[in-house]
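Here is a short note on the model you sent round. Please read it beside the coordinates.

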Amino acid sequence: RQDNTADGRKENVRRSGAAGNISIKQTGKRRDIMEDCIFCKIIKGEIPSNKVFENEYVYAFRDIAPCAPVHVLVVPKKHISSAMQLTQKDDALLGKIFEAVNEVARICGVDKSGYRVVTNVGRDAGQSVLHLHFHVLGGRPFMNDMSTPNAGCEEH
Ligand code: 5GP
Ligand code: ZN
């Protein structure tokens, strides 16, 4: 069937789960964007990554330039540019993402000590990869640096 994307483009969609998944077939401009997308390539295994967790909906891997002892990126397999593009259609997917975030925290041993979850949107936030991703940061205190929540990179 065809669905409208958040920005009005048409998308051929074949879903096998409520949250959508990697089997979604996308056409036209969106496919070009996905072919250039570094995280889509990581998900497909075309670029190597240090995987922490994977299921039908989500891929999680270590950040190449960690800002903390634990710095994992949790990424939906579906290409969505940023949190700004999320719509009601993605409600179930968001639930899957946060289940994965919590699983990653357990796997990395920061579920008891605590962790920070960050998603950057757009230029001023410093979003550098235009595929929705959640930074899971832990293994050190962050405390008062809310103005640079993805950071502390300078300190490490
Ligand atoms: P953003 O700045 O968009 O919020 O976060 C993008 C993150 O992706 C950065 O923390 C950056 O270090 C990470 N990153 C960029 N390219 C790669 C890559 O090829 N592999 C991995 N593992 N991380 C990457
Ligand atoms: Zn992508």
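The points below cover the zinc site, the core and a surface patch.

1. This is a predicted model: local features need pLDDT of at least 70, side-chain atom pairs count only at pLDDT 80 or more, and totals for chains, interfaces and linings use all residues. Residues are numbered from 1 along each chain as its sequence is written, ligands are numbered from 1 and chains lettered from A in the order written, and side-chain values use heavy atoms, without hydrogens or water.

2. The zinc ion (ligand 2) has protein donors C37 (SG), C40 (SG), H79 (ND1) and H131 (ND1), at 2.0 to 2.3 Å. Donors are N, O and S atoms within 2.8 Å of the metal (3.2 Å for Na, K and Ca). The site is tetrahedral, with angles of 104 to 117 degrees among the four donor atoms; for four donors the term requires all angles between 85 and 135 degrees.

3. The donor spacing is C-x2-C-x38-H-x51-H. C40 sits in helix α2 (residues 38–44) and H131 in the loop between α4 (122–125) and β7 (134–138), so the pair ties together parts 91 residues apart in sequence. Helices (H or I, at least four residues) and strands (E, at least two) are DSSP runs.

4. C40 is buried, at 5% relative accessibility. H131 is buried too, at 0%. Buried means under 20% relative accessible area, exposed over 50%, partly exposed in between (1.4 Å probe, protein chains only).

5. The largest nonpolar core has 20 residues, and V72, V74, I97 and V104 have the most contacts inside it. Such a core joins buried Ala, Val, Leu, Ile, Met, Phe, Trp, Tyr and Cys residues through side-chain atoms within 4.5 Å. Helix α3 gives the most, six residues.

Methods. Four donors count as tetrahedral if all angles lie between 85 and 135 degrees; four count as square planar and six as octahedral if opposite donors are over 155 degrees apart and all others between 65 and 115; anything else is irregular.
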